[in-house]
Amino acid sequence: MVTGAAGFIGGHLTARLLAEGADVCGLDRRHPASDLVARRNLAEGCGQSRFSFHHVDLLTPGWEPVLNGADVVFHLAAVPGVRPSWGAAFDEYASCNVIATQRVMNAAIHARVPRVVVASSSSVYGRTDGRPSTENAATRPLSPYGVTKLATEALALAHAGRADSPTTVAALRYFTVYGPGQRPDMLIGRVLSAALEGTPLTVYGSGEQRRDFTYIDDVVDATLAAGRSHASGAFNVGAGAATSVSEVLRVAEQLTGRPVPTRPAPAADGDAPGTLADSTLARDVFGWRARVDLQAGMRRHLKWHCSRHATRCASTA
């Protein structure tokens, strides 16, 4: 079962599971019949006999029986994003990220599901000293979003630690996932669009913030590997290379042959100055390592973008 199946990572994961011959039950509060993004993300699943879609909100009781017989639950459903999590929007973050996880874990244990993989985030670390973060590093989130993701993983792992629990849990701390189908508010998609369309890209702060950008195919590989394991705990999923926003702009200009126009904006609250993963534990426990570097990943992302907007890409390098 995949919660958040109509999302960016959920759609890619669902497609891979189906390609590998699995029967997949997808849950999402967005319906592909009425939501264009959901329809695109689930395009490879809808219509396949091995895929069943359930239009449900995890906060509304009644969906729990779909868990019966599941071998693995990939719990990816969440409200994402650092900047929108401040203020009144926090109520939705707390409900969809924390309370929904409580209900998923209760249902999984009741259905005696042996394995749950939970999506967490590098946002749990907060401000770091620039060195790669290991899973035993201090967790001091800088945003309400990061707080909810830390609560999500801690809650799921607490359930796994119950004496009567048949369920093991891996909480995957994803580091800045990008690739085809990425949310439009995320950096790499915005950079490529700015280059191709000539519209200014808003750059928050100095542009020297560094991120460990991790390509979607690598993230799906890690998620599947975690699903096959029985080890409980938190695990970093990152490429292991920190790249600044300014460097991302330079790569985009090189790939498109066009400048990226920018406009400055103040640094955003909750925006960590840098993230960098030490994914040694995922390598040792799951046998996983990232294989796609930033240049190759952005090239694939650009190719996908151009397949959807051919006129914008007619003169790219």
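The following dialogue asks how several descriptions of this predicted model are reached.

Author: Residues are numbered from 1 along each chain as its sequence is written. The model is predicted, with local features needing pLDDT of at least 70 and side-chain atom pairs counting only at pLDDT 80 or more, while totals for chains, interfaces and linings use all residues, and side-chain values use heavy atoms, leaving out hydrogens and water.

Reader: What makes helices α3 and α4 roughly parallel?

Author: The axes of α3 (residues 90-110) and α4 (residues 144-160) come within 9 Å and cross at roughly 10°. Angles under 35 degrees count as roughly parallel, over 145 as roughly antiparallel, 65 to 115 as roughly perpendicular and the rest as oblique, and therefore α3 and α4 are called roughly parallel to each other.

Reader: Which residues of α3 and α4 meet?

Author: Contact means heavy atoms within 4.5 Å, and the residues that meet include F90, Y93 and A94 in α3 and P144, Y145 and T148 in α4. By class, this contact of α3 with α4 has 11 nonpolar, seven polar and one charged residues.

Reader: Why is S279 counted as buried?

Author: Buried means under 20% relative accessible area, exposed over 50%, and partly exposed in between, with a 1.4 Å probe and protein chains only. S279 has 14% relative accessibility, so S279 counts as buried. S279 is found in the loop between β13 (262-265) and α8 (280-286).

Reader: How do you know which polar atoms the side chain of S279 reaches?

Author: A polar contact is a pair of N or O atoms within 3.5 Å, where within protein one must be able to donate a hydrogen and the other to accept it, and residues adjacent in sequence count only if both atoms are side-chain atoms. The side chain of S279 reaches the backbone oxygen of N236 at 3.5 Å, and a polar atom of that side chain lies 3.1 Å from the backbone nitrogen of G238.

Reader: Is S244, in strand β12, buried or exposed?

Author: S244 lies in strand β12 (residues 243-244), and its relative accessible area is 0%, so S244 is buried. Not counting residues up to four places away in sequence, S244 touches G207, E208, Q209 and R210.

Reader: What is said of phi at R112 and T176?

Author: Most residues other than glycine have a negative phi. R112 has a positive phi of about 55° although it is not a glycine, and T176 has a positive phi of about 40° although it is not a glycine. R112 is exposed because its relative accessible area is 55%, whereas T176, at 19%, is buried.

Terms used. Axes are lines fitted to C-alpha atoms, for helices over the stretch in contact, and angles run from 0 to 180 degrees between N-to-C directions. Helices (H or I, at least four residues) and strands (E, at least two) are DSSP runs, numbered from the N terminus. Ala, Val, Leu, Ile, Met, Phe, Trp, Tyr, Cys and Pro count as nonpolar, Asp, Glu, Lys and Arg as charged, and the others, Gly among them, as polar.
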